[in-house]
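Please open the model in a viewer and follow the selections below in order. Each stop names what to select and then describes what is found there.

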Amino acid sequence: MAGGLGSVFLLTDYGHTDEFAGVVRAVVARRAPDARIVDITNDVPAFDVRAGALALTRAVPYLGAGVVLAVVDPGVGTARRAVAVAARAADGGPLHFVGPDNGLLCWAIDEVGGARAAAFLRAPAGSSPATFDGRDVFAPAAARLWQGEPLTALGTTIDPDVLVRLDAPRCTVTAGVVEAEVLWVDRFGNAQLAARPGDERAAGLGGDLEVVAAGRAHNVRRVSAFAELDGDALGVFTDANGHLAVACHRQPAAAVLDVHAGDTVLVRRRATAREEPQG
Amino acid sequence: MAGGLGSVFLLTDYGHTDEFAGVVRAVVARRAPDARIVDITNDVPAFDVRAGALALTRAVPYLGAGVVLAVVDPGVGTARRAVAVAARAADGGPLHFVGPDNGLLCWAIDEVGGARAAAFLRAPAGSSPATFDGRDVFAPAAARLWQGEPLTALGTTIDPDVLVRLDAPRCTVTAGVVEAEVLWVDRFGNAQLAARPGDERAAGLGGDLEVVAAGRAHNVRRVSAFAELDGDALGVFTDANGHLAVACHRQPAAAVLDVHAGDTVLVRRRATAREEPQG
Amino acid sequence: MAGGLGSVFLLTDYGHTDEFAGVVRAVVARRAPDARIVDITNDVPAFDVRAGALALTRAVPYLGAGVVLAVVDPGVGTARRAVAVAARAADGGPLHFVGPDNGLLCWAIDEVGGARAAAFLRAPAGSSPATFDGRDVFAPAAARLWQGEPLTALGTTIDPDVLVRLDAPRCTVTAGVVEAEVLWVDRFGNAQLAARPGDERAAGLGGDLEVVAAGRAHNVRRVSAFAELDGDALGVFTDANGHLAVACHRQPAAAVLDVHAGDTVLVRRRATAREEPQG
């Protein structure tokens, strides 16, 4: 079979109130009647390319074969290009990505081993400046890729290295201190950091820790699971995406820390003098 | 095959928090196991028939064959009728509509060329006054239509001209002025107007414009695409549904104008004296 | 065919903003490529096991064959067990349930006639304490059950009677008074009570009623359908799930009563002296 493999995965900032995502689904359904459509999320914060890129990166290891149709596109209508990228899903099947060339796709493609080929999409015939690109450009392209058409049929192939990239998540390690960007605050208030356990080890962290956020230091426990926390205690744990994250049993940790995605926090060895037993 | 073509398209005001839309999906899935279910949106503002009718009208040109199951139904339990309508999708395939006869469907049916036949649905056997009509009336009817049953099997055929219609969107054109209803404020704050480029031409508009909304006049630029705007400038452009819309690069235009769906705005030639260069 | 019957039904508190539900869908799609995935709702209030259990109980009579994948799991990472339960859908087809053993599933299983078999799920190989159980435990188990694998392949079979149960909804009947828990406030503000028409009859209620909520008594009409109400009048009716519910035509009844899910209200005979005609 030339195509028809797997799902079309949708990730956008279209929200759920308007019919935007529904119309994109309908276009895919009409042009690829046998494709399963899987919504990853359509509620990326409006125009927040970085948040969309991070969500896609967290999701992509779990996607099978198919086509990722991702649209968070503050530059719609500008000279930014529309791209399609060929890659491999984590399970080895073909996985294509379609979306704006604004960095939205870059980390997810890295996560599955990099691009094998890429193309700038041709604008659809008769398109006006006020197109709804999800409906008029990206959905048709995703359906065609799902059906097995090659990248070369959709536009001009390019060197994947020219694709736009976002600034890498910020994480710096010094002795006793990890300084990291807050990547994501989830529905439950957990604050995921750009740091990973390897950064923690490189900083020589261990024992009692504190997190400095919004100008205040908070004692935190290093726990192996959220469930070890109780009461109002804050904890640092390795989350299900392999990142360090700050959690709290009873309250949203991000609210306790007063942090949002994009802020910077420190995780460091706790000043312990005041807590050492007087020996 | 008598039926089984295309998708069942869902548009409701059931929201996403309760299980209403999920139960409707489950009923369709059980009774039409091979039908694809495509959510257009389930977050039409509660009881807002007009908003639902407009969203469906914007979406319907992009739907393929299948059945539209639309429910925004403040009159549930009253004498309002439940209807099914046969029409043609934009691509020529059969497209049925099922929903309350309260005007929700009228413009979408117009948009795809009008009704070819219609029927009032028979109430299901054993139904109580407190039915959940989406679950008990509309979903079963949609599944039966999808399976290929004729309208006559579902109820009494009627002249489609007797179906309830909503008041047409308000748009009046005079020399130099287009007065139009705000049809829709989308997630990004763009304000779609009932006016179209033909109205603008009929009013002889050109050059510098202003929009009067909520008692205030705002300078706007006539642009061909959202992307031409920058800073806090307001612009009028032809949107992806072919309507005039007011947008702003940096802020939600509807907030700047202080308008909501249903309000009336003027688009008119700008009083230019104060801005003409002194020659 | 050993498996492959029906749908995988998703009910979680993952919300729609993060990609949690999307990743679970993707895992099911990859492991059970022919399963239809039906979202019941993913917006159960965070960690609210009781609200999730009630929503699932309201939905389950309308589900056909398949697998219910339900996750509202404040105890993730603790000693709470993951379970799979075999039952029968209302239409007689096989219906399995997968989720945490915290009571979430108990009433829905009762509703479809009880468990026929149950098993504690084995933890997946190589799992860490910080797993995302929906993705790593429940979705794979749901896909395997959908494919026709027996419970015994997924873990250790148990007596279904050992499964955790929630406290039953509170409803007490005395002469002239029904005292009942508010089970649910829906999107439209209707307040569903734990009481049913049989409770009303047992209390000998009839004629004029009042509802006491948040320390205040409100006159209510006993109506057979929401549509009989007008203006600001409150009404009690039998809702589409067979419960007594309080509704109001013009406003959200729960706001008028100042009640939330979990509160207790009285429905009782109205003190009528002041309203009797002076004969």
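## A hairpin in chain C

Begin with strands β8 (residues 171–174) and β9 (residues 177–185) of chain C, which pair in the antiparallel sense over 4 bridges. The model is a predicted one. Select T174(C) next: its bridge partner in β9(C) is V177(C). Between the two strands of this hairpin lie 2 residues, and G176(C) adopts a positive phi near 80°.

## The open sheet of chain C

Now display the strands β1 to β7 of chain C. In what order do the 7 strands of the open sheet of chain C lie? The order is β2-β1-β3-β5-β4-β6-β7, with mixed pairing. At the edges stand β2 (36–41) and β7 (155–158) of chain C; each has a single partner strand, so one side of each lacks a neighbour in the sheet. From one strand to the next, the twist averages 20°.

Move to the β7(C) edge. Strand β6 (residues 117–121) of chain C and β7(C) run antiparallel and are joined by 4 bridges. Selecting A119(C) leads to its bridge partner in β7(C), T157(C).

Two helices can then be added to the view. Helix α1 (residues 20–31) comes from chain B and packs on the sheet, where it touches β1 (7–12) and β2 of chain C. The direction of α1(B) makes about 150° with that of β2(C). Helix α4 (residues 133–146) belongs to chain C and lies across β1, β3 (66–71), β4 (82–88), β5 (94–100) and β6 of chain C. Relative to β3(C), α4(C) runs at about 170°.

## The open sheet of chain B

Turn to chain B, where 7 strands form an open sheet of mixed pairing in the order β2-β1-β3-β5-β4-β6-β7. Its edge strands are β2 (36–41) and β7 (155–158) of chain B, each with a single partner strand, so one side of each has no neighbour in the sheet. The twist in this sheet averages 20° from one strand to the next.

Within the sheet, select β1 (residues 7–12) and β3 (residues 66–71) of chain B, which pair in the parallel sense over 6 bridges. L11(B) has A70(B) as its bridge partner in β3(B). Then show helix α4 (residues 133–146) of chain B, which packs on the sheet and touches β1, β3, β4 (82–88), β5 (94–100) and β6 (117–121) of chain B. The direction of α4(B) makes about 170° with that of β3(B).

## Relating the chains

Show chains A and B together. Chain A is superposed on chain B by a rotation of 120° with 0.0 Å of shift along its axis, at an RMSD of 0.0 Å. These two copies are thus related as by a three-fold rotation axis. Only 6% of the interface residues of chain A are also interface residues in chain B, so the copies meet through different surfaces.

Add chain C, which can be laid on chain A by a turn of 120° and a shift of 0.0 Å along the axis, with an RMSD of 0.0 Å. Here too the copies use different surfaces, as 6% of the contact residues of chain C recur in chain A.

## The second largest pocket

Finish at the second largest pocket, whose volume is about 690 Å³. Of the 41 residues lining this pocket, select the closest to its centre: F20(A), V76(A), D186(B), F188(B) and N190(B). The elements that give two or more residues to the lining are α1 (20–31) and α4 (133–146) of chain A, and β10 (191–193) and β14 (244–248) of chain B. Which element gives the most to this lining? It is α4(A), with 3 residues. By class, the lining residues divide into 22 nonpolar, 9 polar and 10 charged.

Notes: Residues numbered from 1 in each chain as written. Chains lettered and ligands numbered in written order. Predicted model: local features only at pLDDT ≥ 70, side-chain atom pairs only at ≥ 80, totals over all residues. Heavy atoms only, no water. 1 Å grid on protein atoms, 1.4 Å probe; cavity = no way out; pocket = protein on both sides within 12 Å on 5 of 7 lines; lining within 4 Å. Points joined across faces, edges and corners; volume = space filled by probe spheres on them. Nonpolar A, V, L, I, M, F, W, Y, C, P; charged D, E, K, R; others polar. Pairing = 2+ DSSP bridges. Axes fitted to C-alpha atoms, helices over the stretch in contact; angles between N-to-C directions. Contact = heavy atoms within 4.5 Å. Least-squares fit on C-alpha atoms with pLDDT ≥ 70 in both.
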